[in-house]
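Me: Please take a close look at one part of this predicted model. Start with the question of burial and bonding, then work outward. Keep it brisk.

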Amino acid sequence: MIDVAVIGGGASGFYCAIRIKELAPHLSVAIFEKTGKTLTKVRVSGGGRCNVTHDCSKTSELIANYPRGASFLKKVFQEFGVDQFLDWLHSHNVQTKIETDGRIFPTTNSSETIAGLFEYLANKYKIDIHKNHEWLGFTRIDNQFHQEFNDRLDSKKVNVISKLIVIATGGIPDLGKIIWKSSFEWVNPVPSLFSFNADKSDLNKLKPLSGVSVSNCKIKIMGEKEAFQGPLLITHWGISGPAVLKTSAWMARKLFDQQYKFKVLISWVGDFTEDQVREMVYKEIDNNPKKLWKNISIFELPNRLWELILNESGIDLNSVGSSLNKKLVNKLTENVMRFPIEISGKTTFKEEFVTAGGISTDSISFKSMEVKNQSGIYACGEVLDIDGITGGFNFQGAWSTAEIAARAISKLN
Ligand SMILES: Cc1cc2nc3c(=O)[nH]c(=O)nc-3n(C[C@H](O)[C@H](O)[C@H](O)COP(=O)(O)OP(=O)(O)OC[C@H]3O[C@@H](n4cnc5c(N)ncnc54)[C@H](O)[C@@H]3O)c2cc1C
């Protein structure tokens with residue numbers, strides 16, 4: 001019999017368990033983790049550096065980075081946002097640094113600093129950690145939860161009784177199958193934050209450019225109004241980088257519905273309008289009428305990309321500046337502003353992959369993270385229908401929701 005059973009030994013589960021013990025040391029807390037390892041995503045996060053949060057103190061600016069859950073998080077962040085989490089980390093002697101793009105990392109540049117801190121505190125506060133314990137469900141009897149776990153090492157069922165449950169299982173698509181699906185509002189999970197795989201026809205064009213990056217692009221899904229801006233990277237299989245991940249996050253459901261078959265239009269010059277681009281082309285022709293097009297650099301794009309754009313526009317690389325007629329200028333402008341790539345799949349390899357969907361925030365009290373019609377059951381982290389774009393926002397969502405749950409639990413008798 002324990003006071004609090006935290007289900008899931010990831011970022012939000014550990015942080016919640018630790019905070020419960022810090023706020024209410026008398027409560028007994030145990031973490032149950034399905035796999036043989038805890039804090040797996042923390043360790044691989046941010047390329048092994050753990051991008052713990054983002055430099056964004058203003059709630060209104062912070063929530064703009066969450067395609068799902070922003071209005072729910074608004075109230076949560078007002079209670080516990082970036083500054084409060086950083087204060088907590090600093091109070092535990094973890095120093096952090098802000099990178100130029102706003103991402104915050106431990107100064108050690110190692111995710112082990114965060115995972116190590118969590119493990120140290122869990123040990124110090126005597127939080128029991130049960131690995132290889134897969135949560136199968138629960139029955140409520142006399143205001144206690146009789147929970148069933150599958151002990152994966154011994155292949156036997158284990159029963160645990162607790163007064164409270166914290167669900168911190170992350171973005172696990174099959175969790176909806178567990179019995180509580182019927183009592184919670186469940187939003188069908190779909191992937192978010194992934195790279196785009198170019199269709200065969202376009203992949204041949206892109207492959208020789210693998211490794212080329214452009215610092216400021218704008219991506220639009222054909223037929224959609226919104227465009228997403230940021231750096232873009234051409235990969236062996238298509239396109240990636242912050243602009244692509246942002247597009248995948250905001251369009252996650254639409255792209256899922258389209259089975260990841262769609263066309264993107266890329267502006268390689270994120271801050272310029274079409275008229276400005278056309279004007280710059282004409283100016284270049286006037287200034288350098290005898291220069292070969294392959295040597296002309298109007299937008300400071302990488303050479304290999306510039307040559308591809310010229311080729312796709314039907315412009316001979318060895319022709320001179322003045323040889324362009326109006327039709328070719330228009331074609332060049334079109335390919336700088338709306339370079340088309342057919343997409344026929346996605347890749348999550350090495351990406352900050354997260355899940356959109358999970359427990360609907362409508363079912364959760366923002367004051368306590370308690371499930372509205374299931375007193376005693378709390379949820380935090382990615383299992384909620386909350387997800388952010390890349391840059392530390394997903395961890396911040398996990399820390400903040402876990403903190404609110406811990407505070408509410410610590411106030412119970
Ligand atoms: C490669 C990668 C890099 C990332 N990098 C960053 C980054 O730098 N910054 C950032 O903000 N976000 C990053 N993210 C996203 C971030 O890791 C997640 O949003 C965050 O870990 C969510 O925390 P969580 O506790 O909700 O879920 P998780 O950390 O996924 O933990 C959930 C745990 O629950 C366990 N579990 C699931 N089902 C059961 C069950 N039935 N019984 C018992 N246990 C169960 C899982 O095994 C897992 O250990 C990254 C994600 C990936 C995949």
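Reply: Cys 16 counts as buried, because its relative accessibility is 0%. Cys 380 is buried too, with a relative accessible area of 0%. The two residues belong together in this account: the cysteine sulfur nearest to that of Cys 16 is the one in Cys 380, 4.6 Å away. From the other side, the closest cysteine sulfur to that of Cys 380 is in Cys 16, and 4.6 Å is too far for a bond. A disulfide is a covalent bond between the sulfur atoms of two cysteines. The cut-off applied here is 2.5 Å between the sulfur atoms. By this rule the count of disulfides is zero. Cys 16 is in no disulfide.

Burial also applies to two residues with a positive phi. Leu 193 has phi near 60 degrees, a positive value, and is not a glycine. Leu 193 sits in the loop that links strand E10 (186–192) to strand E11 (195–198). Leu 193 counts as buried because its relative accessibility is 0%. Met 369 is not a glycine either, yet its phi is positive, about 70 degrees. Its place is the loop between strand E17 (354–359) and strand E18 (377–379). Met 369 counts as buried, since its relative accessibility is 0%.

A hairpin supplies another positive phi. Strands E7 and E8 form this hairpin, with two residues between them. Asp 142 lies in the turn, and its phi is positive at about 50 degrees. Strand E7 (residues 133–141) and strand E8 (residues 144–151) run antiparallel and are joined by eight bridges. One of the residues to check is Thr 139, whose bridge partner in E8 is His 146.

Now the barrel. E11, which follows the loop of Leu 193, is one of its strands. Six strands make up this closed barrel, in the order E11-E14-E13-E12-E15-E16, and the pairing is antiparallel. On average, neighbouring strands of the sheet are turned by 50 degrees against each other, direction ignored. Take one pair within it. Strand E12 (residues 213–221) and strand E13 (residues 227–234) run antiparallel, with six bridges between them. Lys 218 has Gln 229 in E13 as its bridge partner.

Helix H12 (residues 326–337) packs on this sheet. H12 touches strand E15 (262–267) and strand E16 (339–347). The direction of H12 makes about 105 degrees with that of E15.

H12 also meets a second helix. Its axis and that of helix H10 (residues 274–287) come within 9 Å and cross at roughly 130 degrees. Angles of 65 to 115 degrees count as roughly perpendicular, and those over 145 as roughly antiparallel. H10 and H12 are therefore oblique to each other. The crossing is right-handed. On the H10 side, the contact is made by Glu 274, Val 277, Arg 278, Val 281, Tyr 282 and Ile 285. On the H12 side, the residues are Lys 326, Val 329, Asn 330, Leu 332, Thr 333, Val 336 and Met 337.

Pick out Thr 333 from that list. Thr 333 is part of helix H12. Beyond its neighbours within four places in sequence, Thr 333 is in contact with Glu 274, Val 277 and Arg 278. Those three are among the H10 residues that make the helix contact. Thr 333 counts as buried because its relative accessibility is 0%.

Technical notes. Residues numbered from 1 in each chain as written. Predicted model: local features only at pLDDT ≥ 70, side-chain atom pairs only at ≥ 80, totals over all residues. Heavy atoms only, no water. Pairing = 2+ DSSP bridges. Helix = DSSP H or I, 4+ residues; strand = E, 2+ residues; numbered from the N terminus. Axes fitted to C-alpha atoms, helices over the stretch in contact; angles between N-to-C directions. Contact = heavy atoms within 4.5 Å. Buried < 20%, exposed > 50% of the residue type's maximum accessible area, 1.4 Å probe, protein only. Parallel < 35°, antiparallel > 145°, perpendicular 65-115°, else oblique. Left-handed = near helix turned anticlockwise from the far one by under 90°.
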